[in-house]
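Biologist: I've got a chain on my screen and I'd like to talk it through before I go back to the bench. Can you walk me around it?

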Amino acid sequence: MPSRKYVTPIEQLQAKAREIIKANNDSRFLHRVECVNFVLNGMTPSALSEMVHESKNTITSWVKTADEKGFDALRIKEYPGRPKKLQDDALAEIKAAINDEPEQYGFRVWDGPSLAEFINSKYNVGMSVRQCQRLFHELGFALIRPRTMPTKGEDNQEKRAEFKKKL
């Protein structure tokens, strides 16, 4: 039996199909129902798991859920995981604030501790310094380490002493 000659690479088509399946809750529900249906028609969960890129235990769990609670139990009612502490509009405001000068908000520089204090005072949401460092990254900011000035090799002790006073 001759195999089809694909114009688009098979891996690319498979990746796009997985993306569509995970796009919304309805397509994810239909995917789960279809997988259960394949198992009910005789396909083994291990063979199906290789085909659909889901774990064997996940597929077995879907079959058990459909058997005990019905197919409607396969619907995704809520997104899994912990809910966000800050909504998208608050994140947009935080990003705008970070783009402004930190002195406007009473800080010398924007860093983890200053961002944590800003979020706590404005939104009454407690976030750790590490969470705020991750938030910088999520918002598209990168860590730029300040260069010590003057360098240790420099002979001008007055400049060094003045610089240390500023810190």
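What follows is a chat about this chain, one question at a time.

Modeller: Some ground rules before you start: this is a predicted model, where local features need pLDDT of at least 70, side-chain atom pairs count only at pLDDT 80 or more, and totals for chains, interfaces and linings use all residues. Residues are numbered from 1 along each chain as its sequence is written, and side-chain values use heavy atoms, with hydrogens and water left out.

Biologist: How many helices and strands are there in the chain?

Modeller: Helices here are DSSP runs of H or I with at least four residues, strands are runs of E with at least two, and both are numbered from the N terminus. Read along the sequence, the pattern is α-α-α-α-α-α-α-α. The count is eight helices and zero strands.

Biologist: What percentage of the 167 residues is buried?

Modeller: We call a residue buried under 20% relative accessible area, exposed over 50%, and partly exposed in between, using a 1.4 Å probe and protein chains only. By that yardstick, the buried share of the 167 residues is 23%.

Biologist: Which element gives the most residues to the largest nonpolar core?

Modeller: A nonpolar core is a set of buried Ala, Val, Leu, Ile, Met, Phe, Trp, Tyr and Cys residues joined through side-chain atoms within 4.5 Å. The largest one has 18 residues, and Leu-86, Ile-94, Leu-115, Phe-118, Ile-119 and Leu-135 touch the most other members. Two or more residues come from each of α5 (88-99), α6 (112-123) and α7 (129-138). With five residues, the top contributor is α5.

Biologist: Which residues does Phe-118 contact, leaving aside neighbours within four places in sequence?

Modeller: Contact means heavy atoms within 4.5 Å. With those neighbours set aside, the partners of Phe-118 are Ile-94, Ala-97, Tyr-105, Phe-107 and Trp-110.

Biologist: How many residues are in the other core?

Modeller: That core lies apart from the one we just discussed. Among its members are Cys-35, Leu-48, Ile-59 and Ala-66, and its size is ten residues.

Biologist: On the same side of α4, or spread around it: where are its buried residues?

Modeller: Helix α4 covers residues 56-69, and its 14 residues reach 20 Å from first C-alpha to last, close to the 20 Å expected at 1.5 Å a residue; that expected span is 1.5 Å times one less than the number of residues. Its buried residues are Ile-59, Trp-62 and Ala-66. They cover an arc of only 55° around the axis, taking directions from the helix axis to the C-beta atoms. So they sit on the same side of α4.

Biologist: Which residues are exposed on the other side of α4, and what covers the buried ones?

Modeller: The exposed ones on that other side are Asn-57, Lys-64, Asp-67, Glu-68 and Lys-69. The cover over the buried residues includes α2 (25-40) and α3 (45-52).

Biologist: At what angle do the axes of α2 and α3 cross?

Modeller: The two helices meet through His-31, Cys-35, Phe-38 and Val-39 in α2 and Pro-45, Leu-48 and Val-52 in α3. Axes are lines fitted to C-alpha atoms, for helices over the stretch in contact, and angles run from 0 to 180 degrees between N-to-C directions. These axes come within 10 Å, and they cross at roughly 145°.

Biologist: Which elements do the buried residues of α2 pack against?

Modeller: The buried set in α2 is Ser-27, Phe-29, His-31, Arg-32, Cys-35, Val-36 and Val-39. Ser-27 makes the list because its relative accessibility is 17%; leaving aside neighbours within four places in sequence, Ser-27 touches Ile-20, Ile-21 and Lys-22. The packing partners of the buried residues are α1 (10-21), α3 and α4.

Biologist: What is the phi of His-53?

Modeller: His-53 lies in the loop between α3 and α4, and at 47% relative accessibility it counts as partly exposed. Most residues other than glycine have a negative phi. For His-53 the value is positive, near 60°.

Biologist: And Asn-124: buried or exposed?

Modeller: Asn-124 is found in the loop between α6 and α7, and its phi is also positive, near 55°. Its relative accessible area is 67%, so Asn-124 is exposed.
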